[in-house]
Amino acid sequence: MKKSLSSQLLSGFSLAIVLVGTLTLVINYRLLQNDLDKQVKSNGQAIARSLEFATEGLLEYGNTSILQRMVQNYATLPKIVDIDIVAPDGKSLVLNKSVKPSNPSTNKHKFSGISSELDNAFIQAATSGLEIVIQTKIKNKQAFVHILPFSSKLFDNGNQYCNQRGLAIVAIDLEQVRNEAWAIFVTTTITMFIGILAILFLMLTLIHKYAIQPLKSLHTEIVNSQALDNIKLPKMLPDNEIAFVANTLVAAIAQLRAVESQKNAELSKINKELS
């Protein structure tokens with residue numbers, strides 16, 4: 001079964017738009033996810049640095065209650081899984097109500113024992129003094145854990161903390177960020193899909209008006225002209241390539257018919273002479 005020109009053009013344009021749109025959406029989703037991941041890391045770093053700055057000063061003056069309130073306030077922020085400030089011996093320096101130590105007898109900090117990878121990261125950050133960002137699972141949630149080591153005069157008084165570093169630990173919910181990225185992606189996809197439908201409808205309307213309809217009219221006149229002596233071009237042909245093709249075709253058909261008429265006349269003359 002032959003397909004009409006309009007369906008062929010529409011299918012071609014639809015396929016091209018869908019392919020380009022899909023590729024654009026995939027790239028957009030990847031870029032959006034990467035950008036949100038960077039924002040998560042940046043937010044975690046900002047919170048950890050503010051905790052580090054406050055901890056160094058407040059510990060020197062023994063203002064642990066202020067430090068506790070600060071940690072509690074940060075823990076209520078959206079996307080925050082948990083926060084803790086840890087001494088070099090691994091104990092929590094604040095009594096955050098949202099933090100339930102995994103080992104109360106030793107007062108270990110909240111993040112202790114979650115995974116060996118995370119514990120190794122704590123040791124590495126405390127010994128090297130380098131910031132570490134690690135992705136792991138906390139409370140059945142994928143999270144970015146930002147670990148920022150800090151120093152205090154409290155750790156240099158010849159006690160068990162001597163020449164060791166504490167840690168400001170911030171865990172941010174990565175799943176919530178990715179869910180937000182997915183929601184934005186779905187909204188973008190729906191918007192683009194509606195736009196594609198609108199573009200296809202407009203293209204189909206314009207193609208039908210300026211190409212399909214004139215070609216159909218020309219086709220009808222050529223089919224009807226098979227029983228006529230001449231071809232009448234449609235009056236509403238657009239002044240473009242379609243009109244040029246139509247005039248060329250009409251001239252070629254007229255010339256062909258003239259040649260056929262001349263041959264028929266010569267054959268008739270020859271037959272009369274032979275008879």
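# Exercises on a predicted model

In the hairpin formed by E2 and E3, two residues lie between the strands, and Lys 139 there takes a positive phi near 55°. Keep in mind that this is a predicted model. The exercises below start from that hairpin and work outwards.

## Exercise 1: Getting an overview

Work out how many helices and strands the chain has, and in which order they come.

Solution. Step one is the count: the chain has five helices and four strands. Step two is to walk along the chain from the N terminus, where the elements run α-α-β-α-β-β-β-α-α. Step three looks at burial: 33% of the 275 residues count as buried. Finally, take the contacts between residues at least 6 apart in sequence; 59% of these join residues at least 24 apart.

## Exercise 2: Assembling the strands

Find out which strands pair with each other, in which sense, and over how many bridges.

Solution. Begin at the hairpin again. Strand E2 (residues 132-138) is joined to E3 by seven bridges, and the two run antiparallel. You can check one position there: Lys 137 has Gln 142 in E3 as its bridge partner.

Next, move on from E3. Eight bridges pair E3 with E4 in the antiparallel sense, and Phe 144 has Ile 172 in E4 as its bridge partner.

Then turn to E1, which is joined to E4 by six bridges, also running antiparallel. Here Asp 82 stands opposite Ala 171 in E4.

Putting the steps in order, E2 pairs with E3, E3 with E4, and E4 with E1.

To finish, ask how covered the strands are. In E3, eight of the 10 residues are buried, so that strand is mostly covered. In E1, seven of the seven residues are buried, so E1 is largely enclosed by the rest of the structure.

## Exercise 3: Looking inside

Identify the largest nonpolar core and the elements that build it.

Solution. The largest nonpolar core has 29 residues, and those with the most contacts inside it are Leu 51, Ile 83, Ile 85 and Val 170. The elements giving two or more residues to this core are helix H1 (5-61), helix H2 (64-75), strand E1 (80-86), strand E3 (141-150), strand E4 (166-173) and helix H4 (174-224). Of these, H1 gives the most, with 11 residues. There is also a second, separate core of 17 residues, which includes Leu 118, Ile 134, Ile 169 and Ala 171.

As background, nonpolar side chains in soluble globular proteins tend to be buried together.

Now look at the outside for contrast. Trp 182, Val 186, Ile 190, Phe 193, Ile 194 and Leu 197 form a nonpolar patch on the surface, with about 600 Å² of accessible area together. Take Ile 194 from this patch: it lies in helix H4. Its relative accessibility is 52% and the cut-off for exposed is over 50%, so Ile 194 counts as exposed.

## Exercise 4: Tracing the salt bridges

Locate the salt bridges of the structure, and say which parts of the chain each one ties together.

Solution. A search of the whole structure finds three salt bridges.

- Glu 131 pairs with Arg 49, their closest N and O atoms being 2.3 Å apart. Glu 131 lies in the loop between helix H3 (116-128) and E2 and Arg 49 in helix H1, so the pair ties together parts 82 residues apart in sequence.
- Glu 180 pairs with Lys 79, with the closest N and O atoms 3.3 Å apart. Glu 180 belongs to helix H4 and Lys 79 to the loop between H2 and E1, so parts 101 residues apart in sequence are tied together.
- Lys 141 pairs with Asp 173, and here the closest N and O atoms are 3.9 Å apart. Lys 141 sits in strand E3 and Asp 173 in strand E4, so this pair ties together parts 32 residues apart in sequence.

One last step on the third pair: is each partner buried or partly exposed? Lys 141 is partly exposed, with a relative accessible area of 36%, whereas Asp 173 is buried, at 7%.

## Exercise 5: A second positive phi

Determine what Lys 79 has for a phi angle, and how accessible that residue is.

Solution. Lys 79 has a positive phi of about 75° although it is not a glycine. For comparison, most residues other than glycine have a negative phi. With a relative accessible area of 27%, Lys 79 is partly exposed.

Methods. Residues are numbered from 1 along each chain as its sequence is written. This is a predicted model: local features need pLDDT of at least 70, side-chain atom pairs count only at pLDDT 80 or more; totals for chains, interfaces and linings use all residues. Side-chain values use heavy atoms; hydrogens and water are left out. A nonpolar core is a set of buried Ala, Val, Leu, Ile, Met, Phe, Trp, Tyr and Cys residues joined through side-chain atoms within 4.5 Å. Buried means under 20% relative accessible area, exposed over 50%, partly exposed in between (1.4 Å probe, protein chains only). Patches are made of residues with over 30% relative accessible area and no salt bridge: like charges are joined within 9 Å, nonpolar side chains (Val, Leu, Ile, Met, Phe, Trp, Tyr) within 5 Å. Accessible areas come from the Shrake-Rupley method with a 1.4 Å probe; for residues, only the protein chains shown count as cover. A salt bridge is a side-chain nitrogen of Lys or Arg within 4 Å of a carboxyl oxygen of Asp or Glu. Two strands pair if DSSP finds at least two bridges between them. Contact means heavy atoms within 4.5 Å.
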